[in-house]
Amino acid sequence: MTDIRELLLSRIRDVADYPEPGVMFKDITPLLADPAAFTALTDALAEIAQRTGATKVVGLEARGFILGAPVAVRAGLGFIPVRKAGKLPGATLAQAYDLEYGSAEIEVHAEDLTAEDRVLVVDDVLATGGTAEASVQLIRRAGAEVAGLAVLMELGFLSGRARLEPALNGAPLEALLTV
């Protein structure tokens, strides 16, 4: 696993003062552009999906779509997008959550998850954990079980893990990198 961590880290670019002064943005686009690194990332996340017994992969808008869809294909599972409110046609379930300034809402198609599903949530970064926590609540409201949460990168200094672990109720939270 050390080799994959080194490969992934070597393909993540730091962008200073983005999106605002004092923030060090972790840009994953160089990783996505490198087929070896993107394949290694997809394989590692697909292995987590298989290990957790997931039957579906949920990807969180928008980078979670980029990572989650190939993970689902590699693991032989279905992929379910969790979108910002108002982006999905038809009957949806919604979950509101608080942001630093204000609130937001995410949605999933009501019929995409059932009581038979075990769902692995996939995203690029775990920061404060607000969106991930809302997705866990949404999955459970849809009647499915949360198999776990897997991310490329955890920003440890933002304490998202501490917020999420009670919501996960024993389901694993796996970060390939912690920065």
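Leaving aside its neighbours within four places in sequence, which residues is Q50 in contact with? In this predicted model, the answer is R74 and A75. Q50 itself sits in helix 3, which covers residues 35-51. With a relative accessible area of 51%, Q50 is exposed, because the cut-off for that class is over 50%. To get a feeling for distances, you can look from Q50 to V82: these two are 32 residues apart along the chain, and their C-alpha atoms are separated by 21 Å.

Now let us turn to V179, which lies in the segment after strand 9. V179 is separated from M153 by 26 residues along the chain, and the distance between their C-alpha atoms is 7.1 Å. Not counting residues up to four places away in sequence, V179 touches L9, K26, M153, E154, L155, G156 and F157. Its relative accessibility is 32%, so V179 counts as partly exposed.

Next come the aromatic rings. A pair of aromatic rings is described by the distance of the centres and the angle of the planes. How many aromatic pairs does the count come to? There are two aromatic pairs. One of them joins Y18 and F25, whose ring centres are 5.2 Å apart and whose planes meet at 85°, so this pair is edge-to-face. Both partners are partly exposed: Y18 has a relative accessibility of 46%, and F25 has a relative accessible area of 25%. F65 and F79 also form an aromatic pair, with 6.4 Å from centre to centre and 90° between the planes. This pair is edge-to-face too, and it links distant parts of the chain. F65 belongs to helix 4 (residues 63-75), F79 belongs to strand 4 (residues 78-84), and the two are 14 residues apart. F79 is partly exposed, with a relative accessible area of 25%.

Y18 also leads us to the backbone. Most residues other than glycine have a negative phi, and most peptide bonds are trans. A few places in this model are worth a look with that in mind. The peptide bond from Y18 to P19 is cis, with omega near 5°, and P19 is found in the loop between strand 1 (13-16) and strand 2. In that loop between strand 1 and strand 2 you will also find D17, which is not a glycine and yet has a positive phi of about 60°. D17 is partly exposed, at 48% relative accessibility. Another cis peptide bond joins E61 and A62, where omega is about 0°. A62 is in the loop between strand 3 (56-60) and helix 4. Farther along the chain comes N169, in the loop between helix 6 (160-168) and strand 9 (173-178). N169 is a residue other than glycine with a positive phi, near 50°. Its relative accessibility is 66%, so N169 counts as exposed.

Is Q95 buried or exposed? Q95 lies in strand 5, made up of residues 92-99. At 14% relative accessibility, Q95 counts as buried, because the limit for that class is under 20%. The side chain of Q95 makes a polar contact with the side chain of R141, at 3.1 Å. Leaving aside neighbours within four places in sequence, R141 is one of the residues in contact with Q95, and the others are A104, E105, I106, A134, Q137 and L138.

Our last stop is the empty space in the model. Rolling a probe the size of a water molecule over the atoms shows where empty space is left. The largest pocket holds about 1,300 Å³ of space. How many residues line the largest pocket? The lining has 40 residues, and R63, V125, A127, T128 and L155 lie nearest the centre of the pocket. By class, the lining is made up of 23 nonpolar, five polar and 12 charged residues. Several elements each supply at least two residues of this lining, among them strand 2 (24-27), strand 6 (102-109), helix 5 (130-141) and strand 8 (145-154). Helix 4, strand 4 and strand 5, which you have already visited, are also included. The largest share, four residues, comes from strand 7, which spans 118-126.

Conventions:
Residues numbered from 1 in each chain as written. Predicted model: local features only at pLDDT ≥ 70, side-chain atom pairs only at ≥ 80, totals over all residues. Heavy atoms only, no water. Phe/Tyr/Trp six-rings, centres within 6.5 Å; stacked < 30°, edge-to-face > 60°. Buried < 20%, exposed > 50% of the residue type's maximum accessible area, 1.4 Å probe, protein only. Polar contact = N/O pair within 3.5 Å; in protein donor to acceptor, adjacent residues only side chain to side chain. Contact = heavy atoms within 4.5 Å. 1 Å grid on protein atoms, 1.4 Å probe; cavity = no way out; pocket = protein on both sides within 12 Å on 5 of 7 lines; lining within 4 Å. Points joined across faces, edges and corners; volume = space filled by probe spheres on them. Nonpolar A, V, L, I, M, F, W, Y, C, P; charged D, E, K, R; others polar.
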